[in-house]
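Open the model in your viewer and keep the selection box at hand. Each stop below tells you what to select and what you will find there.

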Amino acid sequence: MKKLLALLLALCMVAGVVSALADEEPATYTYHLYSSSLGNNWNPHTWETSADDAILSYLSTPLATMQVSDSEDGVYQWIYEAASEITDVTAEHQDDIEKYGCILPEGKTAADITEGYVYEIKLNPEMRWENGTPINADTYIYSMKAMLDPAMKNYRANLYYSGESAVAGGDKYYFAGTIAYLDNGANAAYTVDAMIKDDEGNYNTPDGYAVYVSLSDNLAWLGGISLSAATEQYADYLGMDAYKVLEGKADENGRVRLNDDSLADIIGVITAVADWGESDAAAINYMVYAKEYPMVDYDDVVGCYKVDDYTIRYVNQAYIDRNYFLTSCTSNWLVYEELYEAGKDTTGTLVTTNYGTDMDNTMSYGAYKLGSLQKDKQIVFVQNEEWYGYEKQEDGSLLSITPYEVDGEHIQRYQATSVVIDVMDNAAAKQAFLKGDLSEWTPEADDLVAYATSEQLYKVDETYTQSFFFNCGLDNLKVMDESKGNTNSVVLSNINFRKAMSLAIDRQEYVTATEGFKPAYSMLNSLYYYDVYNDPTSSYRNSEEAMTAIVNLYEVQYGEGTPYATLKDAYQSINGYNLTEAQQLFTTACKELVEAGLYTEGDPIHIRIGFKKGALESSDNKIIEILNKQLNAALEGTGFGKLELEAVGNINDRYGDTAKGEYAIGYGAWGGAAFYPFRNFRVYCDPDYVSIHEAGCWDPTTTELTLKINGEDVTMTWQKWSLAMDSTGPYANADFATKLSILSQMEENYLKMYYRIPLASTTAPVMVSYQLSYYTDEYNIMYGFGGLELTHFNYSDAEWAQFVADQGGTLSYE
């Protein structure tokens, strides 16, 4: 529909197009965005904020990236940009593994290694800086040496001296001549059991390095911030009393020597609040270990070196799959040497540079360059005519056509002639958007009611599934009815009642009151892939096993003599709503509860829901209004009295409080790990990993489940099944057919207990101007909607101004 609308709008402007063709000046197309603040440091070696990174993205070109291949089936492709080819040459260069001291699997030598360590990058010879200077192998080696410069200690160097794509020897050069406090979680990940306790009771690594709990170091586990910073942002989610104890023990550098006491303290910090979602085992990610490094030269120790003018080799510190290495190549480390050196300040303890902080110290090698900058107000990017992808046309305009096929053809890319970002708040942005002055606007929850059905509303899918989760233990419910504000919440102890609740909810109507969420009928949504890099079509949700699980759950028949010819037809028919069956189940539940002496027919039911951390908003009340209406429609004539759900806000820890029996129902979401769904059920079944939100219903460490695996019945506890496909589990190395079978059977059996009712997949909504269209309407986790690169303009700036004027200066998107 959006593409049709764009076509119709374009046809309406035929006269304007003809007029534009006659003009001497080429048409302009402005992509107009807004932000609450502008970045102030887009140096690729030191940037810190998302606003910084946003600027850098326009001014740089990655070695490789992902883009649309087949939009209908959601298939992506790898595209080379600043590189022309990236090849695994480990087998031919095993000597590099020894030379640069790579970390090898236990019991292996360099002679045993044939892949995953040494990558040869052939550079795109057409790449140039915005002033026309060629970009070659020397550019890359200079920039890497500058990135890791021990005299500068650049903020973003951690991407290259630690983590899965660290360059071999990067840490040796970066920390040369110092004692480095290495992030345990991002490097060796020593477990406490692997550490050795000295005579004073302090823990050391197996190599003898002292281990500390760190309050001050930036940690990968926390997304690059310190625990101290985390306590300022997330105090309500952490055990602050335990943190204050650690703070009192810390040295002047914010570190506490690890012993049994400080171990108990950090565990107390991260497990005090269930919402934080961590167990004792996560404590190792808040530790650092002290390692002393001697002085070294870059060329002697760092495995990023020049082969010829347009070829470099990158030796990885540890094994990395080619696809993950390509993923690391979606960012770049290049700086322009002349400006980088000119901006250096050597007067402080560390050498710094002002590179990438203003117009006169920035050099682009991206599709755009800086056109103008008003700090804290506006930044403008214009097309970079030296970028390799543009060809200048007779009228002076720059045209770029994809060097790869998209849906079977080569199409125009980077049609936007300029990108403008203005600083404004969301309220001002809404008004600007409706006046035609912005290309995008992010509506807030209350605005979405008006725009929920707009053709210009795009939804960025997320992995999180919003759900009701229960504490349905009978004894817990009785206490809640007596002293926690509930009335007859004991009805939730009946599985037929909970199943009826699920079937009584029309999710299509429910999501109209949410922040653009999409209806969900399963635990895992369409963003989960089981072999995404090798098979772009490997969506778990679209697998036969996963579809079978949900078809079985909703008891939909398919095949000859049924309304649905195939499994896929049956699966796609499911909407989670069946009023007739819901009423039947409620009737059965009422009889069972009355017979058990737990409920008196016709009595009212009042259940408080642990709804959210913050205060309730009008959209939250609308959700409850819709759910109460739908559930009471299904309860009519079943023997139950009126049901009233009450949402409760301002709850510090609704997940933990529900499990403890403060609330019979909680409202929240789980998500993440999109590219390895086989460990997903740990959050529901492994209390050693995270606190179980449904702990008031069951104990997954003792409850057993029997699954059919390759024709054989296999019985384990739910906890053990949740670990079965993890790195050390019995099915960790099983084929995908086996893993899909296990996961789908777990999903089906878990949902059939109705300890958790999925309601919706969360999304991040965005309104898009009629002036333009994203390439595809369907969000894909690998390439989004196609990005600015493939965005198509329906109007030039002149045509758009006329169109807005013709509408009276205000646009309607409802």
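Select tyrosine 212 and valine 288: tyrosine 212 stands opposite valine 288, which belongs to strand 11. The model on your screen is predicted. Now widen the selection to the two strands. Strand 9 (residues 211-214) and strand 11 pair in the antiparallel sense, over 3 bridges.

Keep strand 11 and add strand 6. Strand 6 covers residues 179-183 and strand 11 covers residues 287-292. These two run antiparallel, joined by 5 bridges. For a single pair to label, take alanine 180: its bridge partner in strand 11 is lysine 291.

**The hairpin of strands 2 and 3**

Next, select residues 64-70 and residues 75-80. The former are strand 2, the latter strand 3. The two strands pair in the antiparallel sense over 6 bridges. Label methionine 66 and you will find tryptophan 78 of strand 3 opposite.

Move to the turn. Strand 2 and strand 3 form a hairpin, with 4 residues between them. Click on glycine 74 in that turn: its phi is positive, about 70°.

Is strand 2 enclosed or open? Show the surface around residues 64-70. Of the 7 residues in strand 2, 5 are buried, so the strand is largely enclosed by the rest of the structure.

**A negative patch**

Select Glu72, Asp73, Glu405, Asp407 and Glu409. Together they form a negative surface patch. Pick out glutamate 409, which sits in the loop between strand 19 (398-401) and strand 20 (412-413). Glutamate 409 has 46% relative accessibility, so it counts as partly exposed.

**The sheet of strands 18, 19 and 20**

Stay with strands 19 and 20 and add strand 18. This is an open sheet of 3 strands in the order 18-19-20, with antiparallel pairing. Strand 18 (391-392) and strand 20 stand at the edges with a single partner strand each, so one side of each has no neighbour in the sheet.

Look at the contact of strand 18 with strand 19. They run antiparallel and are joined by 2 bridges. Glutamate 391 has leucine 399 in strand 19 as its bridge partner.

**Salt bridges**

How many salt bridges does the model have? The count comes to 33. Here are some to select.

Start with aspartate 260 and lysine 197. They form a salt bridge, with the closest N and O atoms 2.8 Å apart. The pair links distant parts of the chain, since aspartate 260 is in helix 10 (residues 260-271) and lysine 197 is in strand 7 (residues 196-197), 63 residues apart. Aspartate 260 is partly exposed at 40% relative accessibility. Lysine 197 is also partly exposed, at 41%.

Go on to aspartate 358 and lysine 375. This salt bridge has its closest N and O atoms 3.7 Å apart. It too links distant parts of the chain, 17 residues apart. Aspartate 358 lies in the loop between strand 15 (352-353) and strand 16 (368-374). Lysine 375 lies in the loop between strand 16 and strand 17 (378-383). With a relative accessible area of 28%, aspartate 358 is partly exposed.

Now select lysine 622 and glutamate 625. They form a salt bridge, the closest N and O atoms being 3.7 Å apart. Both lie in helix 22 (residues 618-635), 3 residues apart, about one turn of the helix. Lysine 622 is partly exposed, with a relative accessible area of 36%.

For a group rather than a pair, select Arg679, Arg682, Asp686 and Asp726. These residues are linked in a network of salt bridges.

**Two buried residues and two distances**

Return to helix 22 and pick leucine 631, found in that helix. Is leucine 631 buried or exposed? At 0% relative accessibility, leucine 631 counts as buried. Draw a C-alpha to C-alpha distance to leucine 438: leucine 631 and leucine 438 are 41 Å apart in space and 193 residues apart in sequence.

Last, select aspartate 96 in helix 4 (residues 94-99). Aspartate 96 counts as buried, at 5% relative accessibility. Draw another C-alpha to C-alpha distance, to leucine 751. Aspartate 96 and leucine 751 are 51 Å apart in space and 655 residues apart in sequence.

Terms used
Residues are numbered from 1 along each chain as its sequence is written. This is a predicted model: local features need pLDDT of at least 70, side-chain atom pairs count only at pLDDT 80 or more; totals for chains, interfaces and linings use all residues. Side-chain values use heavy atoms; hydrogens and water are left out. Buried means under 20% relative accessible area, exposed over 50%, partly exposed in between (1.4 Å probe, protein chains only). Two strands pair if DSSP finds at least two bridges between them. Patches are made of residues with over 30% relative accessible area and no salt bridge: like charges are joined within 9 Å, nonpolar side chains (Val, Leu, Ile, Met, Phe, Trp, Tyr) within 5 Å. Accessible areas come from the Shrake-Rupley method with a 1.4 Å probe; for residues, only the protein chains shown count as cover. A salt bridge is a side-chain nitrogen of Lys or Arg within 4 Å of a carboxyl oxygen of Asp or Glu. Lys and Arg count as positive and Asp and Glu as negative; His and the chain ends are not counted. The place of a charge is taken as NZ of Lys, CZ of Arg, CG of Asp or CD of Glu.
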